[in-house]
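Thanks for opening this one with me. Below are some numbered notes to help you find your way around.

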Amino acid sequence: MKRLLIIVMLLASPLWAVEPSEMLDDPVLEDRARALSQGLRCPVCRNESIDESNAILAKELRIVLRERISDGDTDRQAVDFLVARYGEYVLLRPDARGANLILWLAAPALFLIALGIGWSTIRTKRAAPAGLSDEEKAELEKILRS
Amino acid sequence: MLIELGHFALILAFGIAIVQMIVPMVGAHRGNAAWMALAEPAATVQFLLTGFAFAVLTWAFVTSDFSLQLVYLNSHTDKPMIYKITGVWGNHEGSMLLWMLILTLFGACAAWFGDGLPTRLRARVLSVQASIAVAFFAFVLFTSNPFVRLEVPPLNGRDLNPLLQDPGLAFHPPFLYLGYVGLSMSFSFAIAALIEGRVDAAWGRWVRPWTLAAWMFLTIGIALGSWWAYYELGWGGFWFWDPVENASFMPWLIAAALLHSAIVVEKREALKSWTILLAILAFGFSLLGAFIVRSGVLTSVHAFANDPARGMLILIILAVFLGGALTLFAFRAGKLEAKGVFSTVSRESGLILNNILLSVSCFVVFIGTIWPLVAEMLFDRTLSVGPPFFDAAFTPFMVAIAIALPFGSMLAWKRGTFERATKALAGWFVLAIACAALAYAIQSGNSALGPIGVALGVWVVGGALADLWIRSGRDTVVERLRRIARLPRADWGKATAHIGMGVTIFGIAAMTAWQQEDIRVADVGERWSVGQFEFQLDGVNQLQGPNYLTTMADISVWRGDRQVGDLHPEKRFYPVANMPTTEAAIINGVLRDIYVVVGDPQENGGWAVRIYLKPFANWIWGGAMLMALGGCFSLSDRRLRVGASSAKRSAKAVPAE
């Protein structure tokens with residue numbers, strides 16, 4: 001019975017993120033493959049890169065990626081190969097083309113606008129009639145001290 | 001019977017919330033004291049009723065009452081008692097009830113501890129708070145009722161998701177909800193102030209403790225969640241930029257901005273409308289978070305049961321509250337004339353920069369989180385936005401904050417000079433650069449991330465220390481230290497929280513830049529080295545847990561001839577849920593974590609083993625805890641403990657603006 005349970009367990013056990021058997025012997029190529037696979041999304045998972053995922057498809061993609069790299073693809077070519085098949089959905093770092101420019105530029109643009117607003121706030125504060133009346137000062141003192 | 005009583009209590013609380021929403025608000029408008037006074041007992045009763053409902057649900061889980069659908073779906077008789085209890089909020093309906101419990105608790109707290117508030121303001125705050133409760137009571141009762149019975153009770157339940165069977169579930173969600181929901185108080189105060197048309201220093205002082213408490217809880221909740229993910233998910237990541245994580249991070253960033261700008265309102269009566277806007281947005285992002293987690297529009301690793309109808313209702317709640325609040329803001333913000341004036345170089349300007357940087361970094365997280373949705377709806381592109389985007393787009397703003405923080409926090413109010421800060425910080429600047437150079441020289445490879453993180457960490461921590469030091473005046477060292485010890489707790493809070501920020505920055509950079517990884521197939525008895533440690537696989541055993549089966553490896557860790565520890569990483573299988581999990585084994589250390597995961601047996605014998613050395617990992621959460629501790633210090637400051645009631649007297653004299 002116990003044996004059976006163990007077998008059931010092994011069958012049900014998840015495949016494992018990067019497995020030793022998949023890894024390339026050349027450490028330089030393997031490092032490149034790891035770096036690339038961390039930026040590629042597993043198409044059937046919930047928001048995981050193929051590097052982290054336990055899904056069978058992720059494993060296959062990891063192997064495909066390593067094959068391409070071993071065959072002398074550049075990083076760009078290897079990634080494009082997968083994008084051509086699975087769409088830009090697999091890119092965890094969306095490229096800055098077309099509408100995606102909004103995604104990349106919105107925050108820096110907002111930052112500049114906010115700086116402008118902040119600067120004008122500071123300027124108007126400076127321009128405002130300086131100082132409080134003595135009465136107000138005494139009041140403020142009281143508030144701050146309490 | 002008990003179950004039905006719980007259900008009735010919840011319905012009754014809903015009714016009371018409706019009354020509390022309307023009567024005190026009208027009373028405040030008409031100046032009817034009796035109507036206004038209704039809010040306090042109503043808030044208390046609301047809380048007690050919700051507490052009763054929550055206790056009933058907990059009882060049902062503890063006694064495994066499978067006639068309750070929720071218990072059947074999420075529990076099992078074999079489950080250890082602690083997970084029966086935490087299982088109450090390990091699901092959508094139960095977690096909503098926890099949300100309600102905390103929401104009504106905050107409302108009750110405002111009633112219990114709000115003695116110092118002007119009657120009118122208090123009535124309005126409690127009324128707004130009740131309106132939030134009304135919306136969510138309706139949500140719970142109509143779409144997510146935890147008290148649904150099954151006609152034929154099954155013999156046993158379907159068990160809780162094994163990933164959730166962890167002590168992390170006991171603490172992570174309650175703290176997170178205390179934070180999310182705590183921000184509803186800041187929101188209620190903001191709306192009440194807009195209705196009154198008045199924001200003054202006293203208002204700033206009342207809002208701050210609530211915001212501070214919410215922010216603290218959120219900090220602890222996020223840190224606990226991150227730590228939980230670190231040890232539970234099996235590969236030692238601590239932050240994944242997952243939509244659900246972002247959902248908690250956005251309110252945190254805005255709450256941090258709100259905390260700082262409320263200081264300006266309190267001390268200088270400036271940045272009023274900005275503070276109100278942040279208070280509205282902070283709770284708005286909390287609601288957005290609830291929407292993201294519970295609607296399932298964004299795929300995430302840890303979304304709850306996804307249901308479009310629920311998502312729709314939360315979206316309506318979000319639209320009504322945020323839309324209504326912003327409309328009110330648009331009409332009333334002009335009335336909130338600021339009084340304080342300040343020059344370009346001043347603490348006020350520094351805090352404006354802080355607000356800008358925090359808000360924009362929140363916006364980065366926001367747009368990255370919703371972009372897949374927008375791109376699909378508007379541009380017909382199915383795409384993903386993942387960690388590489390956030391790392392690239394978010395980090396620069398954090399770096400800017402870290403660089404500016406020591407300067408800004410040291411500038412004087414109203415009119416400051418850079419000279420004072422520069423003089424005090426020069427030594428720390430040199431030290432930061434020296435540490436970075438040292439780190440660069442020691443590390444292998446030439447990544448800039450590690451050294452930059454080291455420099456920023458030293459800079460921020462040093463800045464906080466220099467700030468304390470400069471405040472001690474000129475005297476002998478001993479006398480200055482004595483003075484530092486006597487500084488108000490708020491100053492200690494500030495220093496501690498800022499040091500925590502520096503520590504976290506350092507931890508994140510160090511762990512990301514210098515972690516070592518080793519993946520291999522190991523035979524039993526094999527010994528291999530990773531970094532300065534040696535590992536030996538001593539054996540692998542099959543064992544049985546209370547409600548799971550496990551494959552447990554026995555791996556000893558050596559440093560030279562000395563044994564550092566014995567690790568037992570596991571692969572578990574939960575038969576009821578039919579789900580496997582990995583349990584990493586970790587030796588926690590100040591300088592590094594040793595993190596070991598065992599994988600599958602290999603065809604040719606041996607086991608897959610994964611080992612990570614994660615330098616300074618604990619500093620990430622340690623820093624977060626310091627931030628929360630800083631919040632504690634500030635919260636216990638004399639000014640906030642005794643200030644409220646004495647502020648009431650002076651508040652009356654403050655002219656309406």
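1. Let us start with a pair of helices in chain B: α11(B) and α12(B) are roughly antiparallel to each other, because the angle between them is about 170 degrees, and angles over 145 degrees count as roughly antiparallel. Please keep in mind throughout that this is a predicted model. To find the pair, look for α11 at residues 272–295 and α12 at residues 308–332 of chain B, with axes 9 Å apart.

2. Which residues bring α11(B) and α12(B) together? From α11(B) come, among others, Ile276(B), Leu277(B), Ile280(B), Gly284(B), Leu287(B) and Phe291(B). Their counterparts in α12(B) include Ile314(B), Leu318(B), Phe321(B), Leu322(B) and Phe329(B). By class, the contact of α11(B) with α12(B) consists of 17 nonpolar, three polar and two charged residues.

3. A second helix pair in chain B has the other orientation to look at: α14(B) and α16(B), the latter spanning residues 449–470, meet at about 10 degrees, and their axes are 9 Å apart. That angle makes α14(B) roughly parallel to α16(B), since the cut-off for roughly parallel is under 35 degrees. On the α14(B) side you will find Val399(B), Ala402(B), Leu405(B), Pro406(B), Ser409(B) and Met410(B). Facing them in α16(B) are residues including Leu456(B), Trp459(B), Val460(B) and Ile470(B). The residues of this contact comprise 10 nonpolar, two polar and one charged.

4. Now step back to the domains of chain B. The assignment lists domain 1 (1–165), domain 2 (169–336 + 347–394) and domain 3 (516–618). Between the C-alpha centres of domain 1 of chain B and domain 2 of chain B there are 23 Å. Each of these two domains puts 26 residues into their contact.

5. Which elements of domain 1 of chain B face domain 2 of chain B? Helices α5 (81–86), α6 (92–113) and α7 (119–143) of chain B each provide at least two residues of that side. The biggest contribution is from α7(B), with nine residues. In terms of class, this side of domain 1 of chain B holds 17 nonpolar residues, eight polar ones and one charged one.

6. While you are in that part of chain B, have a look at Ser75(B), in the loop between α4 (69–74) and α5 of chain B. Is Ser75(B) buried or exposed? Ser75(B) is buried, because 27 other C-beta atoms lie within 10 Å, and 20 or more are enough to count as buried. Leaving aside residues up to four places away in sequence, Ser75(B) touches Phe61(B), Ser64(B), Lys84(B), Gly87(B), Gly157(B), Asp159(B) and Leu160(B). Gly90(B) is 15 residues from Ser75(B) in sequence, with a C-alpha to C-alpha distance of 9.8 Å.

7. Chain B also has an open sheet of four strands, ordered β1-β10-β9-β8, with antiparallel pairing. At its edges are β1 and β8 (585–587) of chain B, each pairing on one side only. On average, and ignoring direction, neighbouring strands are turned by 15 degrees against each other. Seven bridges link β1(B) to β10(B), which covers residues 607–615. One place to see this pairing is Val521(B), which stands opposite Ala608(B) in β10(B).

8. Turning to chain A, you will see six helices and zero strands. Of its 146 residues, 26% count as buried. Chain A is divided into domain 1 (12–90) and domain 2 (100–145), and the C-alpha centres of these domains of chain A lie 49 Å apart. Taking contacts in chain A between residues at least 6 apart in sequence, 48% join residues at least 24 apart.

9. Finally, how do the two chains meet, and how many residues of each are in contact? Chain B brings 51 residues and chain A brings 46. On chain B, the elements giving two or more residues are α13 (347–378), α14 (387–410), β1 (516–522), β6 (570–574), β9 (592–601) and α20 (638–653). The largest share, 11 residues, belongs to α13(B). This side of chain B has 30 nonpolar, 15 polar and six charged residues. Two of the elements listed here will be familiar from above: α14(B) from the pair with α16(B), and β1(B) from the edge of the sheet.

Note on methods
Residues are numbered from 1 along each chain as its sequence is written. Chains are lettered from A and ligands numbered from 1 in the order in which they are written. This is a predicted model: local features need pLDDT of at least 70, side-chain atom pairs count only at pLDDT 80 or more; totals for chains, interfaces and linings use all residues. Domain bounds come from an automatic or database domain assignment. Two residues are in contact if their C-beta atoms, placed from the backbone, lie within 7 Å. Ala, Val, Leu, Ile, Met, Phe, Trp, Tyr, Cys and Pro count as nonpolar, Asp, Glu, Lys and Arg as charged, and the others, Gly among them, as polar. Axes are lines fitted to C-alpha atoms, for helices over the stretch in contact, and angles run from 0 to 180 degrees between N-to-C directions. Angles under 35 degrees count as roughly parallel, over 145 as roughly antiparallel, 65 to 115 as roughly perpendicular and the rest as oblique. A residue is buried if 20 or more other C-beta atoms lie within 10 Å of its own, exposed if 12 or fewer, and partly exposed in between; C-beta atoms are placed from the backbone. Two strands pair if DSSP finds at least two bridges between them.
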